[in-house]
Amino acid sequence: MKTLATALAGVLGAGVIGICVLGASPVTAAPYDPFETNAGEEYYSDPAYDPYTAPRGVEPGYGSRGYSVQAAPQAQVAPIPRELVAFNANYKPGTIVVSTAERRLYFVLPGGEAIRYGVGVGRPGFTWSGTKTVTAKREWPSWTPPAAMLARRPDLPRYMAGGVENPLGARAMYIGNTEYRIHGSNEPDTIGQAVSSGCIRMTNEDVTDLYERVKVGAKVVVLN
């Protein structure tokens, strides 16, 4: 079912801009001009990525999905629609632009358009901004928690093979020489929230769509 794309509210003054083939032809939203000037090239050095951050109402503890105690069931969260939107910003086609504040990711297309996806972003204290590139792509990636994460969460496995239970989901795109990734998730209810330790989460459907579009070497711009 086609979804009527909504006009994007301005963030950071003039606004802000962080992925499988579209299931249906998206409608075009109202023109969107997120920037008055180009984004800066600020790099970052924040704590290590933690894809196993527990959602609200869940106590940490490694189990079949990484958690041992489940609170009362919560209402199903409606998925954030993938949309084709007008995108008036000075970025080349093929660029990925993430708006941390907006919790949206834009894949820039020719002709002043972009595909907009809902994403999960870093929780308070784990946000970052900067410009990097996609250095690698993996289907059903394995996961090895970094040392800093294991220090915080010694209950986590030292290695997890790729698969539906893996917190990196169906696809992953590696950002620069960091531990951050744009990846899928086995917790789709966290999309649109600030939950991770710096990685950009997507639904498995959306990350597969983006994966097919993005090339290694593509620029990734993350804005707070």
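Two strands count as paired here if DSSP finds at least two bridges between them. The model is predicted.

**The sheet**

Nine strands make an open sheet with mixed pairing, in the order E3-E6-E5-E4-E13-E8-E9-E10-E12. Strand E3 (83-86) and strand E12 (200-201) stand at the edges. Each has a single partner strand, so one side of each is left without a neighbour in the sheet.

**Antiparallel pairs**

Three of the pairings are listed below, each with one pair of facing residues.

| Strands | Sense | Bridges | Opposed residues |
|---|---|---|---|
| E4 (residues 96-99) and E5 (residues 104-109) | antiparallel | 4 bridges | Ile-96 and Phe-107 |
| E5 and E6 (residues 113-118) | antiparallel | 6 bridges | Tyr-106 and Arg-116 |
| E9 (residues 171-175) and E10 (residues 181-183) | antiparallel | 3 bridges | Met-173 and Ile-182 |

**Strand E5 and its turns**

How much of E5 is buried? Of its 6 residues, 5 are buried, so the strand is mostly covered; buried means under 20% relative accessible area. E5 takes part in two hairpins, one with E4 and one with E6. The E4 and E5 hairpin has 4 residues between its strands, and Arg-103 there takes a positive phi near 60°. Between E5 and E6 there are 3 residues. In that turn, Gly-111 has a positive phi of about 75°.

**The packed helix**

What packs on the sheet, and which strands are touched? Helix H2 (residues 204-213) does, touching E4, E5, E6, strand E8 (130-139), E9 and E10. The direction of H2 makes about 55° with that of E9.

Key. Residues numbered from 1 in each chain as written. Predicted model: local features only at pLDDT ≥ 70, side-chain atom pairs only at ≥ 80, totals over all residues. Heavy atoms only, no water. Buried < 20%, exposed > 50% of the residue type's maximum accessible area, 1.4 Å probe, protein only. Contact = heavy atoms within 4.5 Å. Axes fitted to C-alpha atoms, helices over the stretch in contact; angles between N-to-C directions.
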